Amino acid sequence: FGPWALVGQQLSWGAVSILLLWTASPWRPGLAFSLAEFRSLFGFGINVVGSDVMTFLSRNSDNFMVGTFLGAGPLGLYAIGYRILDTTQTLLVNTALKLVFPTFSNLQGDADRLRRAYSRINRALSVIILPGYIGLALVAQEAVPLLFGQQWVASGPVATTLFLIGPSLSLQVLSGALLYARGRPDVALRFRLLTTAVHVVGFFIAAVVFQSIVAVAAAFVIGSYLLLPVILY
């Protein structure tokens with residue numbers, strides 16, 4: 001079915017997810033509506049949606065710059081290098097975030113306990129994330145042709161560069177979950193706006209001035225380190 005197979009994958013994933021969720025929860029959609037509840041949830045939800053939109057723009061603006069200024073061939077090479085980072089982030093980070101958010105939410109009224117929990121969980125995750133990304137940076141150039149074939153060997157330096165984000169990621173990986181648990185998605189949104197601006201400018205300079213997919217990857221890493229003091233503050 002060509003590219004429609006990707007559409008089918010997304011629809012199937014959504015349908016199966018709903019069915020599995022309903023086996024674990026008795027809640028079903030209904031026609032009941034509460035304006036008061038809507039108002040209380042909308043202020044939180046609109047900031048979360050805005051933050052997600054900014055994250056999407058930030059994460060995809062590099063592909064846009066590479067495709068626009070460097071062409072389809074370099075975009076394919078860059079996409080393969082980034083795919084490895086994205087996959088490993090799903091394995092090493094995203095699953096943990098789904099577990100820590102309920103923990104932080106349960107402690108949102110006790111700032112001292114929340115602070116201690118954040119520190120302990122962050123240290124525990126760093127034990128996995130930091131050596132994981134450093135190790136992947138060391139083997140990425142050999143792993144790319146092994147996994148995808150020799151025609152993608154030029155993606156190796158991209159993947160190696162992207163994995164240098166490991167130390168920065170390990171320090172800020174829980175920041176979004178912490179801000180949401182404290183009821184401050186507005187802070188997360190402002191940070192995402194800043195992140196998007198920094199990354200878009202960095203990607204533009206890397207693609208137009210340096211004209212290199214490795215430079216675009218480096219712009220992503222450098223931008224993350226420049227923003228690290230802001231999110232930690």
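**Exercise 1. In which loop is Q211 found? Establish its location, backbone and exposure.**

Solution. Q211 is found in the loop between α8 and α9, where helices (H or I, at least four residues) and strands (E, at least two) are DSSP runs numbered from the N terminus. The model is a predicted one, in which local features need pLDDT of at least 70 and side-chain atom pairs count only at pLDDT 80 or more, while totals for chains, interfaces and linings use all residues. Residues are numbered from 1 along each chain as its sequence is written, and side-chain values use heavy atoms, with hydrogens and water left out.

Next comes the backbone. Phi of Q211 is near 50 degrees, a positive value in a residue other than glycine, and Q211 takes this conformation just after α8. As to exposure, Q211 has 56% relative accessibility and counts as exposed (buried means under 20% relative accessible area, exposed over 50%, partly exposed in between, with a 1.4 Å probe and protein chains only).

**Exercise 2. Describe the chain as a whole.**

Solution. The secondary structure comes to nine helices and zero strands, and along the sequence the chain follows the pattern α-α-α-α-α-α-α-α-α. The C-alpha trace spans about 55 × 45 × 30 Å along its principal axes. Of the 233 residues, 34% count as buried. Among contacts (heavy atoms within 4.5 Å) between residues at least 6 apart in sequence, 77% join residues at least 24 apart.

**Exercise 3. Characterise the packing of α3 against α2, α4 and α9.**

Solution. Two packed helices are described by the angle between their axes and the distance between the axes. Axes are lines fitted to C-alpha atoms, for helices over the stretch in contact, and angles run from 0 to 180 degrees between N-to-C directions.

Step one takes the pair α2 and α3. The axes of helix α2 (residues 35-69) and helix α3 (residues 72-106) come within 9 Å and cross at roughly 165 degrees. The two helices are therefore roughly antiparallel to each other (angles under 35 degrees count as roughly parallel, over 145 as roughly antiparallel, 65 to 115 as roughly perpendicular and the rest as oblique). The crossing of α2 and α3 is right-handed (a crossing is left-handed if the near helix is turned anticlockwise from the far one by less than a right angle, and right-handed if clockwise). From α2, the residues R59, D62, N63, V66 and G67 meet P74, L75, Y78, Y82 and Q89 in α3. The residues of this contact divide into five nonpolar, three polar and two charged (Ala, Val, Leu, Ile, Met, Phe, Trp, Tyr, Cys and Pro count as nonpolar, Asp, Glu, Lys and Arg as charged, and the others, Gly among them, as polar).

Step two turns to α3 and helix α4 (residues 111-148), which pack at an angle of about 165 degrees with their axes 9 Å apart. These helices are therefore roughly antiparallel to each other, and their crossing is right-handed. Among the contact residues are I80, I84, L92 and F104 of α3 and L114, I121, Y133 and F148 of α4. By class, the contact of α3 with α4 divides into 19 nonpolar, three polar and one charged.

Step three considers α3 and α9, which pack at an angle of about 35 degrees with their axes 10 Å apart, again in a right-handed crossing. The contact is made by P74, L77, Y78, Y82 and L85 of α3 and I213, V216, A217 and F220 of α9. This contact has nine nonpolar, no polar and no charged residues.

**Exercise 4. Test the length of α8, then work out what covers its buried residues and how two residues of α2 are placed.**

Solution. The expected span of a helix is 1.5 Å times one less than its number of residues. For the 26 residues of helix α8 (residues 185-210) this gives 38 Å, and the end C-alpha atoms are 36 Å apart, which agrees.

The buried residues of α8 include P185, L189, F191, H199 and F203, and what covers the buried residues of α8 includes α2, α6 (166-172), α7 (175-181) and α9 (213-232).

On the α2 side, N47 lies in helix α2 and counts as buried at 16% relative accessibility. Leaving aside neighbours within four places in sequence, N47 is in contact with P185, D186 and L189. S61 also lies in helix α2 and is buried, with a relative accessible area of 9%. Not counting residues up to four places away in sequence, S61 touches V200 and F203.
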